[in-house]
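Q: Got a minute to go through this model with me? I'd like to start with one side chain and work outwards.

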Amino acid sequence: MESLELSRLLFLTSSSSSSSSSWSSLPIAKAMMRHQLGFRCLLKKATATTTRNNANANLHLTRSFSGNKEGGAAPTASHGEEEDEDEQQDERALFLATEIDDFGSVVGFNLIPESGRISEEDITSNEIEEPNAEDVEEEKDQTRVSYTIVFVTSEAAPFSKTGGLGDVCGSLPIALAARGHRVMVVSPMYIHGTPQDEKFSGAVDMDRRIKLFCFGGVQEVSFFHEFREGVDWVFVDHLSFHRPGTPYGDQFGTFGDNQFRFTLLSHAACEAPLVLPLGGFTYGDKCLFLVNDWHASLVPILLAAKYRPHGVYKDARSILVIHNIAHQGVEPAITYSNLGLPPEWYGALEWVFPNWARMHALDTGEAVNFLKGAIVTADRILTVSKGYSWEITTSEGGNGLHELLSSRKSVLGGITNGIDETEWNPSTDEHIACNYSVDNLSGKVKCKLSLQEELGLAVRPDVPMIGFIGRLDYQKGIDLIRMAIPEIMENDVQFVMLGSGNPVYEEWMRETESAYRDKFRGWVGFNVPISHKITAGCDILLMPSTFEPCGLNQLYAMRYGTIPVVHETGGLRDTVQNFNPYVEGTNGEGQGTGWTFSPLTKESMLVALKYALRTYNEHKPSWKALMKRGMTRDFTWVNAATQYEQVIEWAFMDPPYC
């Protein structure tokens, strides 16, 4: 038997007498093979020819050859019709030719050009043709995968909202739907018996009543639906959601049946994609469940324990989004039997309090923890900022779940929330006295004068005005402000606070207003127009939060040219860049968008405020540059939605975690 290399050479030599000189050496043949196999760079050029001559293939398969003593063979091809002139001139048409030994056995295959010739350019060039950038972007847009996404949340603005969770679940679904995804939001239908119920007036009863087995019996829920801004808003209706108060409690405290109410929400959310014919057809069981906080944390456990064993949702994935790890949905262990889960899945939710946290000597500390259950079953875990995703893996910030979260660090990440530019835009805001933009800041001082007049403060455009907007509780750093107020009031400033919460802090605000009548104003409660007016009218926004998963007020402030002074934690650290006047920036006016301080002490906060006030009073060009840098930062939901798409893609790349 002759060697394979010799057979290849003899075959190539005898294939065409006119090309014998081109194929007389093996290195040349190998060079040709490398060039001809570079299909990716030829794909675009071949498309036009293939479309034009779809009936005539450019790749011909020769099934048999007649051998001779030299081991060569002349290829034969059968053609149904005579090739047209274009095909005859196509130098890039290929033959798939077999190599045979002396005994007639096939030992390999070669791709050779139809003409049997190879040019010097083909031999010497190994470069791949690079596509231009426009073609790459066009191909990327055409090949972007569209996902079926189901948000499960306890609140979604404008239908229900108590904080950042409602903002996220009211805006992010719209941004994802605008990018071509099919999006459903599943949330309770809160009926309060007040005019507020009008927000559900556009929702239509789907006439789908389903039975859910949990809490020792069969529970029946129904669904209402509203299609708005490209999103299917689905509301779970049950009598337990019909009561005054917030989604979680009323004036007497937290509702005692919250575990029951949000267990219903999770069960109903798993059924909604299967039973609701939205737009004429259901979402089906190949979806991405984006579950938010502990209220929806039963969803990934139900997918793994209730549905996948029966072949349902085997292609679905789940992503847990942690907005605030301080709330985990912890209840006594005995309540596990109420959740509608198989007994063998108890370990997923099992939680044991340390000795110091137990109520008495006979307390075993055994409990079930909804958030913990989602952490150990979800395919991916996200927080609402990169900084917070790290903080929850520490003993200080993890609230007892830090070790568990550290064990899943490979699938843990953070995406900073966006802001709704239709609502928070100083150039179009209907709540403020005068609209303005980064190109024309003259309207901001008019907003300040209007706010001072409305609050009964001295109307002074030159005085720095400090604002605070938020809940009046420990997390927002109210204690720090209480301790620092006497020293802050020694400066020529005005201070306004808007918020409600702890009655002790509310009373302190009233007392402080009486003590500093000409400098301080405290607005107990929450008012949307007033929050916009404070954001636009103040020069500085103070946020000394003890922890802040993301924070939205600092984003609103920068959008309105109000400079944030924040504690360096969580999302505040991610979004506010500390001002450095000595770094050469635009027009030599430094870099940064505000001031951050750490540690969380009165002294460090006062130092940051001192720098801010001094810059405002003595360095107007630097202050104006600070305002403009903040107003041009990209904190839109489009930016956040793009990052969510990437995480969703990663989730589907791997098999289900549970």
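Q: Which backbone oxygen does the side chain of Lys519 reach?
A: That of Met489, at 2.7 Å. A polar contact here is a pair of N or O atoms within 3.5 Å; within protein, one must be able to donate a hydrogen and the other to accept it, and residues adjacent in sequence count only if both atoms are side-chain atoms. One caution: this is a predicted model, where local features need pLDDT of at least 70, side-chain atom pairs count only at pLDDT 80 or more, and totals for chains, interfaces and linings use all residues. Residues are numbered from 1 along each chain as its sequence is written, and side-chain values use heavy atoms, with hydrogens and water left out.

Q: Is Lys519 buried or exposed?
A: Lys519 is buried, meaning under 20% relative accessible area (exposed is over 50%, partly exposed in between; 1.4 Å probe, protein chains only). Yet Lys519 has no salt bridge, that is, a side-chain nitrogen of Lys or Arg within 4 Å of a carboxyl oxygen of Asp or Glu.

Q: What's the nearest side chain of opposite charge, then?
A: Asp492, 5.4 Å away. Lys and Arg count as positive, Asp and Glu as negative, while His and the chain ends are not counted.

Q: And where does Lys519 sit?
A: In the loop between helix H16 (503-515) and strand S20 (520-524). Helices (H or I, at least four residues) and strands (E, at least two) are DSSP runs, numbered from the N terminus.

Q: OK, salt bridges. How many does a search of the whole structure find?
A: It finds 23. Lys448 forms one with Asp539, the closest N and O atoms being 2.7 Å apart. That pair links distant parts of the chain, 91 residues apart: Lys448 is in helix H14, Asp539 in the loop between helix H17 (528-537) and S21. Both residues are buried.

Q: Which residue does Glu618 meet in a salt bridge?
A: Arg614, at 3.4 Å, N to O. They are four residues apart in helix H20, so about one helical turn separates them. Glu618 is exposed, at 52% relative accessible area.

Q: Switching to H21: which elements do its buried residues pack against?
A: Helices H14 (442-455), H18 (553-559) and H20 (602-618), plus strands S21 (540-543), S22 (563-567) and S23 (595-597). Among the buried residues of H21 are Trp623, Leu626 and Arg629.

Q: And overall, how much of the chain is buried?
A: Buried residues make up 50% of the 658. The chain has 22 helices and 23 strands.

Technical notes
Contact means heavy atoms within 4.5 Å.
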